[in-house]
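Here's a quick briefing to read with the model open beside you. It goes through some charged pairs, one sheet, and then the chain as a whole.

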Amino acid sequence: MIKFIAKSVFIAASIIYTPSYSNSFQKTAKNNIHQIKTSTIKTGADNYEKYLPLLKDKKVGIVTNQTGILSDKTHLVDFLLEKKVAVQTIFAPEHGFRGTADAGEHVVDGKDPKTGLPIISLYGDNKKPKAAQLAGIDVMIFDLQDVGARFYTYISSLHYVMEACAENGIPLIVLDRPNPNGGIVDGPLLEKEFTSFVGMHPIPLLHGMTIGEYSKMINGEKWLKNAVQCKLTVIPCVDYKRDMPYSLLAKPSPNLPNDQSINLYASLCLFEGTNVSMGRGTEKQFQIYGSPFLTKTNFTFTPKPNFGAKDPLYNGKECFGEDLTSYPKLTQLELKWLIKAYQNTSDKTKFFNPFFTKLAGTKKLQQQIESGVSENEIRKSWQKDLETFKKMRKAYLLY
């Protein structure tokens, strides 16, 4: 069991609502990404009365991408410039500022053609902003839409931005956004020896927090290098409750096109550590799975290069598997498809690859599946750590 100790000494910095600084898609899809189900919710970006005063007479850096938009779909960068905020630099995570790069694709620095602002990539060799890149910035804003999964790299970028801000004495403002997977807390906890950019902290695979709450946890648990803590302000959502259904205004990444893919993402992304495709190179990314090596079924698909997948796994090859586009909404991490695929694959020695352990955050899950342990028993093996995590998590919840 991984032991968690909730810190109370940093409440003043990690639970802040309205502080002041002393130095003043496919439109026909059933669950389309643009279909807003709860129109009353205001994101942190829309709660601008709380953060605009903090930006007055400041030089501002922004970590954001295509998800950093207000309810009227105005991009945060454009909104701030309209409000005469002195935006200096845009920092972009995996997939780039406009969200068009493939998963894992190298993204280079550049310039935003609309505003002329410099863009610095925080993916590849430059995951953490360098002191020189932060020179002249008085305050940093972080606005990215997370999906609640440990291996979704926007929270890894959050870690490094917080660390850089702490080390360089720059206050950080996180504009909160709802977690589209609500309060689901499930899956194995990351073991320290398997720390990577797709898993940086000892949390379950599904953490059940908003990105603002998560930033408070990073700070409060002193997970940054040398236990540094940044001066953190979280601008909360308004009229949001964790159990509310919430559809996103923009695709969080190229291969998450709708509500269904986001809900299935954590469960199907484990296939990235196997020889099974989860639909990259189709229009049903993270809503289907299959491979040429699974038992033949009535459902087949053939991946081809497309937006977000220039060279998908099994490019041009027929894959046999399962269509989950109409599967009921998940309320937990689902393992049955992974176990079923392993059992039905023609050569089990080639099913898993080394990336699976990084995604799972532990060797145990692969060992359990290979040993024929039932899904129910696998779940039981997580419970003690999950209960401990939930207790620690309570200190950081806003909603």
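In this predicted model, Arg177 and Asp143 form a salt bridge, with 2.7 Å between the closest N and O atoms. The pair links distant parts of the chain: Arg177 sits in the loop between strand 6 (172-175) and strand 7 (185-189), while Asp143 belongs to strand 5 (residues 139-143), 34 residues apart. Both Arg177 and Asp143 are buried.

**More salt bridges**

- Strand 7 turns up again with Asp186, whose side chain meets that of Arg379 in a salt bridge (3.0 Å, N to O).
- Arg379 lies in helix 11 (residues 375-380) and Asp186 in strand 7, so this pair ties together parts of the chain 193 residues apart in sequence.
- Asp186 is buried, at a relative accessible area of 6%, and Arg379 also counts as buried, at 13%.
- Salt bridges with shared partners join Lys128, Glu163 and Glu167 into one network.
- Asp78 pairs with Lys114 in a salt bridge, the closest N and O atoms being 3.0 Å apart.
- This one links distant parts of the chain too: Asp78 is in helix 3 (residues 76-82), and Lys114 is in the loop between strand 3 (110-111) and strand 4 (118-121), 36 residues apart.
- Is each partner buried or exposed? Asp78 has a relative accessible area of 16%, which is under the 20% cut-off, so Asp78 is buried. Lys114 has 62% relative accessibility, which is over the 50% cut-off, so Lys114 counts as exposed.
- As background, side chains of opposite charge can pair when their charged atoms come close. Across the whole structure, a search finds 14 salt bridges.

**A three-stranded sheet**

- Three strands make an open sheet in the order 10-12-11, with antiparallel pairing.
- Strand 10 (288-291) and strand 11 (300-301) stand at the edges with a single partner strand each, so one side of each has no neighbour in the sheet.
- Strand 10 is joined to strand 12 by four bridges, and the two run antiparallel.
- Strand 11 is joined to strand 12 (residues 319-323) by two bridges, again antiparallel.
- Which residue of strand 12 is the bridge partner of Thr300? That's Phe320. On the strand 10 side, Ser291 stands opposite Phe320 as well.
- In a regular strand, side chains alternate between the two faces of the sheet. In strand 10, Ile288 and Gly290 point one way, Tyr289 and Ser291 point the other way, and all of them are buried.

**The chain overall, and how far to trust it**

- The protein chain has twelve helices and twelve strands.
- Of its 399 residues, 60% count as buried.
- The chain exposes about 16600 Å², and carbon and sulfur atoms supply 51% of that.
- Average pLDDT for the chain is 89, and 87% of the residues score at least 70.
- Where does pLDDT stay under 50? That stretch is residues 1-38, for which the model has 93 contacts beyond four places in sequence.
- Go easy on interpretation there: where pLDDT is low, the predicted coordinates should not be read in detail.

Conventions
Residues numbered from 1 in each chain as written. Predicted model: local features only at pLDDT ≥ 70, side-chain atom pairs only at ≥ 80, totals over all residues. Heavy atoms only, no water. Pairing = 2+ DSSP bridges. Buried < 20%, exposed > 50% of the residue type's maximum accessible area, 1.4 Å probe, protein only. Areas by Shrake-Rupley, 256 points an atom, 1.4 Å probe, with all protein chains shown as cover. pLDDT = per-residue confidence, 0-100. Contact = heavy atoms within 4.5 Å. Salt bridge = Lys/Arg side-chain N within 4 Å of Asp/Glu carboxyl O.
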